[in-house]
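Here's a quick tour of a two-chain model, written for someone who would rather look than wade through tables. Have the sequence and the 3D view open as you read.

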Amino acid sequence: MRKFALTAIAAAFAVTAFTGTAARAAGDTPVPAAQDWSWQGLFGTYDRAQLQRGFQVYKNVCAGCHSLRFIAFRNLEGIGFNEDQIKAIAAEYDIEDGPNDDGDMFTRPGKPSDYFPSPFPNEKAAAASNGGAIPPDLSLMTKARVAGPDYVFALLTGYEEEAPEGFDLSDGKSYNHYFPGHQISMAPPLYDEAVEYSDGTPATLEQHSRDVVAFLNWTAQPELEARKELGLQVILFLIVLTAMLYALKRKIWRDIEH
Amino acid sequence: MSAPQWNNKVVKWVDDRLPVISMLHHSAYEYPTPKNLSYMWNFGSLAGFVLVTMILTGIFLVMNYTPHTSMAFESVERIMRDVNHGWLIRYIHMNGASMFFICVFIHIFRGLYYGSYKAPREMLWWIGILILLAMMATAFMGYVLPWGQMSFWGATVITNLFSAFPIIGDPLVTWLWGGFSVDNPTLNRFFSLHYLMPFVILGLVVLHVWALHSVRSNNPTGVEIKTPQDSIPFHPYYTIKDLFGLGVFLIFFCAFVFFAPDYLGHPDNYIPANPLVTPPHIVPEWYFLPFYAILRSIDFTILGIPAKLLGVLAMFASIVILFVIPWLDTSKVRSSKFRPVYKWFFWLFVIDTFILGYCGAKAPDDYFMGIPGLKVIVMGQLSTLYYFVHFLVVMPLVGKLERTKPLPASISESVLKEGANA
């Protein structure tokens, strides 16, 4: 058993030693502070109320520039909306459809099966409206950055009204502590009372940021709760099975000198 | 080891016509295995298990994947979001690649430590190296398929290596790409080959096991099986031991799949491929990092040979050199257990590969582990040097000069002695 433990430790060491170094970010940007998120840990889950507040922030603020192309209205069931609410939310959007029998494109109210429409017709239009920068799609944002949720939170709360002295800030750019190079094309998107929460949660910049990060982590990993729930069952099963296999191994090998 | 008599009429009928059941009985049941194998001997069967897992999950992924530059990324996200348990299948496949390399690297290091490459196991060892090469090609092409930023830029960097060869270099790269840049034809052929290669690996594994069963397993003493007392039948002794190992390994595997599925990957691969935006750091997957470090460490020319070509040659040489170690190792003793000097060099070599891996992950101008004045590139060069010195100098010299410890007369004798000491 001692040999076995050594083998297992060696394997674990091999993995962490290699990958820990691979993922680390370089440069002079500070490492975003680790935040407490409800979905962390073995038993972590999403907070539905927070996801809905985050959705409100996305809808009222971010959606002006950022698409969410992997999310359909029907997916909002995952953050606790019922069928009627989803229909109502979808109907608020105009969706281009067609061509109809006359060969024309037309707009109609959204249906649950539609995806969130992009705020811009194409990338050129997006760049033209944003000083040359294309606002990235947000569906996978928290998975597409190192320490994604912490980074997005740090970015949203990391603006400085004035660039530090001696820093040459280009026209139309803002200074952000956490953005690589510190010059970001996105003007500070959130501020205190950017949206009004109906559940009485204080509408601070920090709260807005926290909520929208939670929502974006859900859009990036909608399977997270199902994954962890199944994972616990699988690993519990494997522990019992492996313990039984070990007992069997001992029994079978009992009379063998080895 | 005479052919077993089958009582069941159907079994006998089949076996008389095609002795497939006798063959299985012979190689998975009565196969005489050294009785003293440690848990280090579990990783071969574990690697086999991961291979089968990869093929099965891969077949299901293909049912929902679209190999086109405009749809590949989207189809992977569709698998993650809309296909029933698609996230599970993809995360198993994604992490399975890393698990495969973990098993195979441990398996190779075990072979190096116990001298499993020495006569009469050279062919067995060679086939193993071919499996490693085929795995590397397969893993590289598979990583391209989701068509994220790292997929695209990794493919661009690695295929560009072939341009280092004089005269044929550029036409070769164009031929590999199927065009003048990494594009849809590249994605299509990588997909085709990524589906083909696992079956090539499977064929090689059959040969590997065949070779193993004709020369028999090595063991921690490195002393061959001499009498029936030295061995035990594979079943039930090693079937149960392998199953227990599999249980432990699955817990490790599932911990990643369910609780840290993206830990071993790179976040940039969740950004769709964009030929106009180069990521600040292009790094390969962790299992390629030591080789990547060797490639990058050659930043000088020798005899007019450009640095890039030397780097490529060094990288390939780092694996090809494994083919000749049965002759580079001059020691008469297989197992490092009885080689007091070489044993230390072995561990130095293991540490060296870890340092290479670290260097591969870092930018060349970073400081090695934050040590002022020690650049990653320099450390990478020193480690690359030691990598080859180990094989070309240490192995032949230590084998000749070392005074080895006395070998046990037989496996069973060593087992009894250890039992008495415990």
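## Placing His213(B)

Where in chain B is the place of His213(B)? This is a predicted model, and in it His213(B) sits in helix 9 of chain B, which covers residues 184–215. The residue is worth a look, since UniProt's unreviewed entry puts a "binding site" annotation on His213(B).

What does His213(B) touch, leaving aside its neighbours within four places in sequence? Two residues come up: His213(B) is in contact with Ser27(B) and with Tyr31(B).

## The helix around it

Helix 9 of chain B passes a simple length check. It has 32 residues, and at 1.5 Å a residue that should give a span of 46 Å; the C-alpha atoms at its ends are 46 Å apart, so the two agree.

Just after helix 9 of chain B comes Arg216(B), and its phi is positive, near 75 degrees.

Zooming out, the unreviewed UniProt entry also labels residues 10–221 of chain B "domain: Cytochrome b/b6 N-terminal region profile". That span is 71% helix and 1% strand, and its end C-alpha atoms lie 43 Å apart.

## Chain A and its domains

Over on chain A, there's a split into two domains. Domain 1 takes in 46–71 plus 116–220, while domain 2 runs over 223–258. Going by C-alpha atoms, the centres of these two domains of chain A are 44 Å apart.

## Where the chains meet

How much area is buried between chain A and chain B? About 5,000 Å², with carbon and sulfur atoms giving 76% of it. On the residue count, chain A puts 54 residues into the contact and chain B puts in 57.

There's some polar chemistry across the interface too. Between chain A and chain B there are 3 salt bridges, plus 7 residue pairs in polar contact. Lys143(A) forms a salt bridge with Asp262(B), where the closest N and O atoms are 4.0 Å apart.

Which elements of chain A give two or more residues to the side that touches chain B? They are helix 1 (2–22), helix 6 (205–220) and helix 7 (224–253) of chain A. Helix 7 of chain A supplies the largest share of that side, with 17 residues.

Definitions and conventions
Residues numbered from 1 in each chain as written. Chains lettered and ligands numbered in written order. Predicted model: local features only at pLDDT ≥ 70, side-chain atom pairs only at ≥ 80, totals over all residues. Heavy atoms only, no water. Domains from an automatic or database assignment. UniProt positions renumbered as here; feature names shortened; annotations may be inferred. Helix = DSSP H or I, 4+ residues; strand = E, 2+ residues; numbered from the N terminus. Contact = heavy atoms within 4.5 Å. Expected span 1.5 Å × (residues − 1). Buried area = accessible area lost by both parts, 1.4 Å probe. Salt bridge = Lys/Arg side-chain N within 4 Å of Asp/Glu carboxyl O. Polar contact = N/O pair within 3.5 Å; in protein donor to acceptor, adjacent residues only side chain to side chain.
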